[in-house]
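Student: I would like to go through this model one piece at a time. Can we start once the structure is up?

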Amino acid sequence: LGLALCAGSLCALSDPTFLYHDYCVLGAGPAGLQAAYFLQQAGRDYIVFERSHAPGSFFALYPRHRKLISINKQYTGKSNSEFNLRHDWNSLLSHDRRLLFQRYSRDFFPDADAMVRYLEDFASLLELRVQYNTAIIHVTLERSAQAWNGHYFLLTDQDRKNYKCSSLLVATGTWVPNVVNFPGSEYVEGYETVSINPEDFAGQTVLILGRGNSAFETAENILGVTNFIHMVSRSRVRLSWATHYVGDLRAINNGLLDTYQLKSLDGLLEGDLEDLAIVKDKKGKLHITLRFYLENRNISAGIDSITLPQDELDNFATRAPYDRVIRCLGWKFDFSIYNRSLRMMPGKGNINKYPQIKPSYESRGTRGLFVLGTASHSVDFRKSAGGFIHGFRYTTRAVHRLLENRHHGVPWPSTVYPITQLTNSIIKRVNEASGLYQMFSVLADIILLRENATAFEYLEEYPVGVLAELEMQTGRKAPSGLFVIIMEYGRNFSGADKDVFYYNRAVGEAQHAWQSNFLHPVIYYYKHLPTEREMRLRPPEWPLPRPDAVHHIVEDFLTDWTAPNAHILPLRRFLENCLSTDLRNFFAESCFLFAFTRQKLPPFCQQGYMRMQGLVGSEGLRHHAVLSGLLQDYTLTDFSGDTPPDSQDRSRDQLLRDQVIAVRPLQHLVNTKDE
């Protein structure tokens, strides 16, 4: 493989008209810089192309009113850096503690200019290889049997310079404004150019097209100076606290909902924007009508010759004329630079603003082309956080690990533990892992069981959508079954029409854990790796196919799943039932007793006590165990019937002082018994 890759690279380098790199990254926004960091840490040949003079150019303009809606929580009460990333939605992943966003702003909702400074420092301090002022205007393919994926990617910039790469990572985001064309749409101002000075709207009546955060952000800015604001969109308002999707309307921008519901003139309307039409009168006022009223009529003939809805329905909702109409419909991906040979196609339905990609974030049309960042959000649109920094920083890392295995033979990072550490490993991860927490239902930890379930291999934050391809994508084997650890909300808890504040909304007892509503860990057990067919036929809204067994860890108000009885004990018993083994920890005296009374020792005794490992006993530790009911005081029992009490005490003290005397004969007895 190494020789083949080297030969392909040398062949590409031999072409003097193209500058070659193994990896080309389009865009130096957060996702592009995150990808560059991982490539640089791995020592790969890469280049990042950025059309602007600095990284993060999108944030230099947007959001227009400069307040981000990604939280920047300074304090959590914990010093665990991985846990704290659960509540830091702006930092990128790196080894440099200076590059935590909290060092750039102390605001809970920071200013966008702080993000610009942060991204500039991220690129410069880590010395990432970014080529600025380079706008890639065309991308096509060159077939080659020597290339990694059977073809090279050929890129051309605005100066007609040419570049060639083996793998293309697209991190350009979605920056082309969504525009709806209808009669009179030329009178509409765009979010990207409209004034942000509230005084420019004083005493005016405004109509806003759209119902996302950009629309409400615009309304919030002018709420106190306008006559009234109307907002129209084809769908009802979606509140993020009800849908649990951070891209829906956030509380920081929802002031217009108050003024609407508290009868202060402002209002929300539902309607298809393509059915609208705008007519301008002689005074410059804008009148809303319906497209079908304009059929067979000349709109330039003047408003007096046009029938308006209020002419037939005198209480038509938008009968009052508007001074301004503002379009706030979000953005879409720029498909224009990609040649047809790449087959970069838009998604279907409500994800048509994103390119079509697989759950591995690879293009459905072209092998070796991966989409990162906001543009990859079709994988989890309206489900998880993959369209935002606190989500795609983890999916970008996952893509990097997939590429490392595919092109460089580096398997997915994993750690092997003895089976006795299974419960502890799961509890540790669900209580601190930020990738699982933010990319719920999308990224999962995978536990691969070794033969006879004596050990396991732990893989972190693998995309569950390609679970069937795990062995190929990671270079790891799953011959003896696996556990999948994922975070989920309750099945019927999230939705635009859901009341998430209803009485008795939380579950507190372990036996009802499967009814948990809030985000909680779920463990799936499979005796065999699911197939692609099973993944396709999984139940609707399920992230995974039906498992052989499933366990929900009951939701917790503090998201702290460490309660011995409510969280740990039910989990341990579930794991024991799946593996048909005993995962408890034992004192040395118990292991000593089991060796004489059982045919098979628990794994803890096999892997610890029988190998002369474990805690050294003491009188205080043993006394505490007896008082706690964890250990029976066998030293007070006269097994022979004629042993003096002082002899029993001496034997007990000798056993506590020197465990080797008990262990060596015990090993001999067990081996003899096995033979």
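Student: Which helices are included in what covers the buried residues of H5?

Tutor: First, the ground rules: this is a predicted model, where local features need pLDDT of at least 70, side-chain atom pairs count only at pLDDT 80 or more, and totals for chains, interfaces and linings use all residues. Residues are numbered from 1 along each chain as its sequence is written, and side-chain values use heavy atoms, with hydrogens and water left out. Helices (H or I, at least four residues) and strands (E, at least two) are DSSP runs, numbered from the N terminus. The cover of the buried residues of H5 includes helix H2 (30–41), helix H3 (57–61) and helix H10 (389–408).

Student: Which residues of H5 are buried?

Tutor: Buried means under 20% relative accessible area, exposed over 50%, partly exposed in between (1.4 Å probe, protein chains only). On that scale, the buried residues of H5 are Ala112, Ala114, Met115, Val116, Tyr118, Leu119, Phe122 and Ala123.

Student: What span should helix H5 have, at 1.5 Å a residue?

Tutor: The expected span of a helix is 1.5 Å times one less than its number of residues. H5 has 14 residues, 112–125. Its end C-alpha atoms are 20 Å apart, which agrees with the expected span of 20 Å.

Student: Which backbone nitrogen does a side-chain oxygen of Asp111 reach at the start of H5?

Tutor: The side-chain oxygen comes to within 2.8 Å of its target. That target is the backbone nitrogen of Asp113.

Student: Which side chain does Thr205 join through a polar contact?

Tutor: Thr205 lies in strand S9 (residues 205–209). It is buried, with a relative accessible area of 7%. A polar contact is a pair of N or O atoms within 3.5 Å; within protein, one must be able to donate a hydrogen and the other to accept it, and residues adjacent in sequence count only if both atoms are side-chain atoms. At 3.2 Å, the partner of the Thr205 side chain is that of Asn227.

Student: How many residues apart in sequence are the parts that Cys591 and Cys605 tie together?

Tutor: Cys591 and Cys605 form a disulfide (a pair of cysteine sulfur atoms within 2.5 Å), with their sulfur atoms 2.0 Å apart. Cys591 lies in helix H16 (residues 588–597) and Cys605 in helix H17 (residues 603–607), so the parts tied together are separated in sequence by 14 residues.

Student: Is Cys165 buried or exposed?

Tutor: The relative accessibility of Cys165 is 0%. Cys165 therefore counts as buried.

Key
Contact means heavy atoms within 4.5 Å.
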